[in-house]
Amino acid sequence: MRTIFFFVGLVGFFLNTQLSAQISTPPASPFSKVEQVVGLSEITIEYSRPGVKGREIFGDLVPYDKIWRTGANASTKITFSDNVTIGGLKAPKGTYAIYSIPGESEWTIMLYKDLGLGGGVARYDEANELGRFKVNAVDLPFSVETMTISVGDITNDGAHVQIMWDKTYLALPVKVEVDKRVMAAIDNAMAGPSKGEYYQAALYYYNTDRDMGQALEWINKALEDNERFWNVTWKARILGKMGNKKEAIATSKKALALAEKANNADYVKINNDLIASWK
């Protein structure tokens, strides 16, 4: 009889465990992820969103003049795809936790490099800070029930990371580098293809049996002030495929000399074999 009771109890335990595993309830502070392109960079924010729920928030639930994780659950994280400036602080591209010290009229914002600290602010170590800056706290004429972080006021080279909860609003100014990157891209495009791009285009034409005259033009551009045993060898191959064996041999001999000077045995053999095949 005791065995039967034990068996029934064991079955009941497993049934209760299975039922418990199937029950999901809404989180008290739901997770949110914000992704926003600003200029040529991307800002990503991951955080959990607590609610007011009839409570007094700042100065009570979230005390003034004490470190706060700036959200609920795990620490709020911000990721920059490129180097930016936030609140006057230079932030290299990467991910940081956002901690803050709320005040009645001014907050201190800290970017923190330890992403695993969460709410354990008793272990907060200033040595792990990238840096900190101050922002004004603005009183809202209405209450925001659920804490909201967004990216707004977007221009070509900047935006604000906006934090709103209850009747408090913060705007963290972010500047991204656009002009230098665009001008560099324009200069590069106006200068035309690079030697490496000419080289790759010539090889592709050779390997896919396209116009060898065009391939020769491109390999010659790749060779301008840039003769190396490997790219001279490819010029010889192109000339050989065009049927110009005399010039192909002369070019391969030049590549052979360059390979010997560089002590590259592989290309010495390659060019000797090419020359023998054309003779």
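Here are some exercises on the structure above, each with a worked solution.

A bit of housekeeping: this is a predicted model, in which local features need pLDDT of at least 70 and side-chain atom pairs count only at pLDDT 80 or more, while totals for chains, interfaces and linings use all residues. Residues are numbered from 1 along each chain as its sequence is written, and side-chain values use heavy atoms, with hydrogens and water left out.

**Exercise 1. Overall build**

Work out how many helices and strands the protein chain has, and why it counts as more spread out than a compact globule.

Solution. Start with the elements: the protein chain has seven helices and 10 strands. Helices (H or I, at least four residues) and strands (E, at least two) are DSSP runs, numbered from the N terminus. Next, take the radius of gyration, which is computed over C-alpha atoms and compared with a globule rule of 2.2 Å times the number of residues to the power 0.38. For 279 residues the rule gives 19 Å, but the protein chain comes out at 33 Å, well over that, so it is more spread out than a compact globule. Finally, look at the box: along the principal axes, the C-alpha atoms fill roughly 90 × 70 × 35 Å.

**Exercise 2. Helix 4**

Check the span of helix 4, then find which helices its buried residues pack against.

Solution. The expected span of a helix is 1.5 Å times one less than its number of residues. Helix 4 (residues 212-223) has 12 residues, so it should span 16 Å, and its end C-alpha atoms are indeed 16 Å apart. Now for burial, where buried means under 20% relative accessible area, exposed over 50% and partly exposed in between (1.4 Å probe, protein chains only). The buried residues of helix 4 include Met212, Leu216, Trp218 and Ile219. As for partners, the buried residues pack against helix 3 (195-207) and helix 5 (229-241); contact here means heavy atoms within 4.5 Å.

**Exercise 3. Two residues of helix 6**

Decide whether Thr251 and Ala259 are buried or exposed, and list what each one touches.

Solution. Thr251 sits in helix 6 (residues 245-261). Its relative accessible area is 10%, so Thr251 is buried. Leaving aside residues up to four places away in sequence, Thr251 touches Val232, Lys235, Ala236 and Leu239.

Ala259 is in helix 6 too. At 0% relative accessibility, Ala259 is buried. With residues up to four places away again left out, Ala259 touches Phe229, Asn264, Tyr267 and Val268. For a look across the model, Ala259 and Arg49 are 210 residues apart in sequence, and their C-alpha atoms are 65 Å apart.

**Exercise 4. Two aspartates with positive phi**

Find where Asp166 and Asp209 sit, and say whether each is buried or exposed.

Solution. First, some background: most residues other than glycine have a negative phi. Asp166 has a positive phi of about 55°, and Asp209 also has a positive phi of about 55°. Asp166 is found in strand 10 (residues 158-176), and at 15% relative accessibility it counts as buried. Asp209 lies in the loop between helix 3 and helix 4, and at 60% relative accessibility it counts as exposed.

**Exercise 5. Ser24**

Place Ser24 in the chain and find how far its C-alpha atom is from that of Glu197.

Solution. Ser24 is in the loop between helix 1 (2-22) and strand 1 (31-38). With 68% relative accessibility, Ser24 counts as exposed. Ser24 and Glu197 are 173 residues apart along the chain, and their C-alpha atoms are separated by 55 Å.
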